[in-house]
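User: I would like to go through this model and ask what justifies each label. Please set the values against the cut-offs.

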Amino acid sequence: MRVACVGAGPGGLMLALLLRRLGDHEVDVFERSPADATFGFGVVFSRLSLARLRQAAPDVVAALLDQGARWEDVEVRRDGHAVRSSGHGFAAVERRALLLSLQKLARESGARLHYRTEADATDLLERYDVVVAADGAGSRTRAARSQEWGARQVTGESRYAWFGVERAFDAMTFLFADGGHGPVGAHVYPYTRDKSTFLVEISAETFRAGGFVDGHTQPPGWNDEQAMEYCAKVFAADLEGARLIGNGSRWLTFSHVDADRWSHGRLVGIGDAVHTAHFSVGSGTTMALEDATELARRLHDAAASGPDALEEALVAYEKARRPIVAGIQRAAWASRRMWERQEDHADLDVGTLMLRLLSRSGQSPADLLLRLDKGLAERCGHAWTPKPTAPVPALVSVGEPAEPGDAVLVGAVDEPLAPMRDADTVVVEVDATGGPLDAFLSGATARLRQARAAAPGARVGVLVRATAPAEEPVATAVARVAALVRAETVDVVAVAPGEGDAADNRAAQMALSERVRAVTGARTAYVCPPAELSQGWTHVQSARADLLWTTTA
């Protein structure tokens with residue numbers, strides 16, 4: 001098979017060397033930049049991602065570990081306080097070193113690498129059996145075929161800047177500070193024996209208040225000295241005299257890229273060209289490498305089966321990779337929200353902030369974290385437990401038997417309510433997903449008043465269900481609940497699972513509960529099935545919710 005790859009990043013190079021190793025395929029990689037040109041500093045890998053990559057290319061992982069850094073701990077610092085968690089397992093390598101290693105291995109395998117060479121997918125399709133778009137988040141290939149792929153690109157409002165620092169931190173270190181114009185956060189991790197990546201994030205409001213320069217308006221390679229000076233001053237105590245390093249470092253916005261289809265005809269995409277994940281989960285390079293591994297295997301099998309097998313191979317590649325990528329993107333969305341809304345956790349003590357950070361992707365409940373690090377609760381200064389130590393109140397439908405402390409759920413239908421004189425808590429389910437705001441408020445307030453009349457002395461609140469795990473539906477629901485809280489006395493806001501996929505529900509429910517609590521100041525109750533009590537309990541202990549309720553089913 002003759003394969004052309006547009007882009008010589010980690011994904012494109014990995015694809016080339018694996019295709020050559022699998023069979024006598026002709027592979028050309030085209031890259032418009034010089035071979036030694038790259039932006040950024042360290043590339044981080046989790047223990048799990050290293051294990052998966054080792055199966056496909058053990059020498060790549062060996063080179064990575066030989067040249068990079070490894071560590072087990074996560075540390076959180078704010079206001080002169082610090083707390084550390086162990087048992088996590090990460091590795092990182094300088095991005096340039098990773099690229100040079102992959103270049104060497106690709107050339108040794110027989111792949112042809114063409115640098116300083118512009119390449120157009122349409123032209124390449126006339127000469128190759130398959131063309132692979134591996135040209136990153138700013139993919140020209142995807143932009144030219146956005147309609148065929150159903151591609152979308154949504155740009156966030158907050159700003160980030162990549163720096164290096166001439167000091168090797170000994171852990172994945174999260175720094176939080178007040179930068180004078182608003183909260184500032186940093187992700188820091190080592191990638192060599194004497195250097196670390198230093199990635200800083202600020203909100204759109206902080207960016208505007210500071211009068212900073214939009215990095216997108218500047219030429220490639222430009223370093224923002226104002227940004228570097230500002231970040232060095234904000235985190236001077238943590239830097240301990242070490243110097244920040246620039247490499248095309250400037251304030252940028254993150255773009256979420258997704259596509260309905262990763263291939264069209266004989267053109268297929270891998271990595272950031274067809275899907276991105278926020279850098280706070282450190283999976284962009286991993287996804288590209290794993291995409292390349294899967295695609296190489298599928299293309300090799302197709303070549304052995306004949307020309308008619310190509311379309312089936314591209315479908316199989318996407319079918320295998322899409323669920324994994326979707327899970328990473330969901331976790332990255334949840335993680336991204338925490339960094340873009342630093343004001344929501346500005347009042348947390350450093351121990352609670354640690355738990356919120358470790359559980360921010362929605363994939364690490366307290367029981368898992370406390371198994372990984374048995375001393376975590378003590379070091380954080382909290383009496384955290386894997387699961388609730390006391391009985392958890394249930395949410396029961398009106399008319400069902402209720403124990404003392406349980407919450408009674410009534411629907412939003414405007415019909416008379418029977419007296420509920422023994423009820424401790426009554427909640428009215430509301431649909432906060434859309435429709436006219438006035439109609440929503442009038443219906444919800446009328447039903448709340450009915451419930452209060454039917455259950456004198458009880459706490460009365462509302463129940464909202466998880467939306468899709470995306471910014472717009474969560475923001476809509478939060479805004480409507482906030483308007484209702486302003487218009488009517490609401491004793492508690494319960495956030496329950498929706499009707500979607502279980503993993504989507506957990507991510508959206510976590511985000512909705514955290515945001516409702518932060519925006520409205522109302523007491524929130526996280527509602528979950530009995531099998532997910534540890535997950536719900538994590539959100540209470542990390543101050544995303546005040547109460548935990550379980551369902552009866």
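**Two sheets, one helix, and the labels behind them**

Analyst: Start with α12, in what is a predicted model. This helix lies across β9 (130-133), β17 and β18 (267-269), running at about 15° to β18.

User: Which strands form the sheet with β9, β17 and β18, and in what order?

Analyst: The order is β8-β2-β1-β9-β18-β17. It is an open sheet of 6 strands with mixed pairing.

User: What makes β8 and β17 edge strands?

Analyst: Each of them pairs on one side only.

User: How do you know that β1 and β2 are paired?

Analyst: Pairing takes at least two bridges between the strands. Strand β1 (residues 2-6) and strand β2 (residues 26-30) have 5 bridges, in the parallel sense. The strands therefore count as paired. In one of these bridges, A4 has D28 of β2 as its partner.

User: Why is S263 called buried?

Analyst: Buried means under 20% relative accessible area. S263 is at 16%, so the residue counts as buried. S263 sits in strand β17 (residues 263-264). Leaving aside residues up to four places away in sequence, S263 touches W149, V268, L314 and E318.

User: Which other sheet does α12 pack on?

Analyst: There is an open sheet of 7 strands, ordered β6-β5-β12-β13-β14-β11-β15, again with mixed pairing. Its edge strands are β6 (81-85) and β15 (244-245), each paired on one side only. Helix α12 (residues 310-340) packs on this sheet and touches β12 (172-178), β13 and β14. The direction of α12 makes about 125° with that of β13. Helix α13 (residues 350-358) packs on the sheet too, touching β5 (74-78), β6 and β12. Its direction is at about 135° to that of β5.

User: How do you know that β13 and β14 pair?

Analyst: The threshold is at least two bridges. Strand β13 (residues 183-190) and strand β14 (residues 196-202) share 7, in the antiparallel sense. The pair therefore qualifies. V184 has I202 in β14 as its bridge partner.

User: What makes the span of α4 close to the expected one?

Analyst: Helix α4 (residues 95-109) has 15 residues. At 1.5 Å a residue, 21 Å is expected from first C-alpha to last, and the helix reaches 21 Å. G110 follows α4, with a positive phi near 105°.

User: Which residues of α4 are buried, and what covers them?

Analyst: The buried residues are A97, L98, L99, S101, L102, Q103, L105, A106 and S109. Their cover includes α1 (10-22), β3 (42-46), α3 (58-67), β7 (90-94), β8 (112-114) and α11 (284-305).

User: Which members of the largest nonpolar core touch the most other members?

Analyst: They are L13, M14, F45, V131, V132 and L295, out of 65 residues. The largest share of this core, 7 residues, comes from α1. A second, separate core has 38 residues, including A458, A477, L484 and V490.

User: What does V132 touch, not counting residues up to four places away in sequence?

Analyst: V132 touches V3, A4, C5, V6, L15, V268, I270 and L295.

User: Why are C380 and C528 called buried?

Analyst: The cut-off is under 20% relative accessible area. C380 has 9%, so this cysteine is buried. C528 is at 1%, so this one counts as buried too.

User: How many disulfides does the structure hold?

Analyst: The structure holds 0 disulfides. A disulfide needs a pair of cysteine sulfur atoms within 2.5 Å, so no pair meets that limit here.

How values were computed:
Residues are numbered from 1 along each chain as its sequence is written. This is a predicted model: local features need pLDDT of at least 70, side-chain atom pairs count only at pLDDT 80 or more; totals for chains, interfaces and linings use all residues. Side-chain values use heavy atoms; hydrogens and water are left out. Helices (H or I, at least four residues) and strands (E, at least two) are DSSP runs, numbered from the N terminus. The expected span of a helix is 1.5 Å times one less than its number of residues. Buried means under 20% relative accessible area, exposed over 50%, partly exposed in between (1.4 Å probe, protein chains only). Contact means heavy atoms within 4.5 Å. A nonpolar core is a set of buried Ala, Val, Leu, Ile, Met, Phe, Trp, Tyr and Cys residues joined through side-chain atoms within 4.5 Å. Axes are lines fitted to C-alpha atoms, for helices over the stretch in contact, and angles run from 0 to 180 degrees between N-to-C directions.
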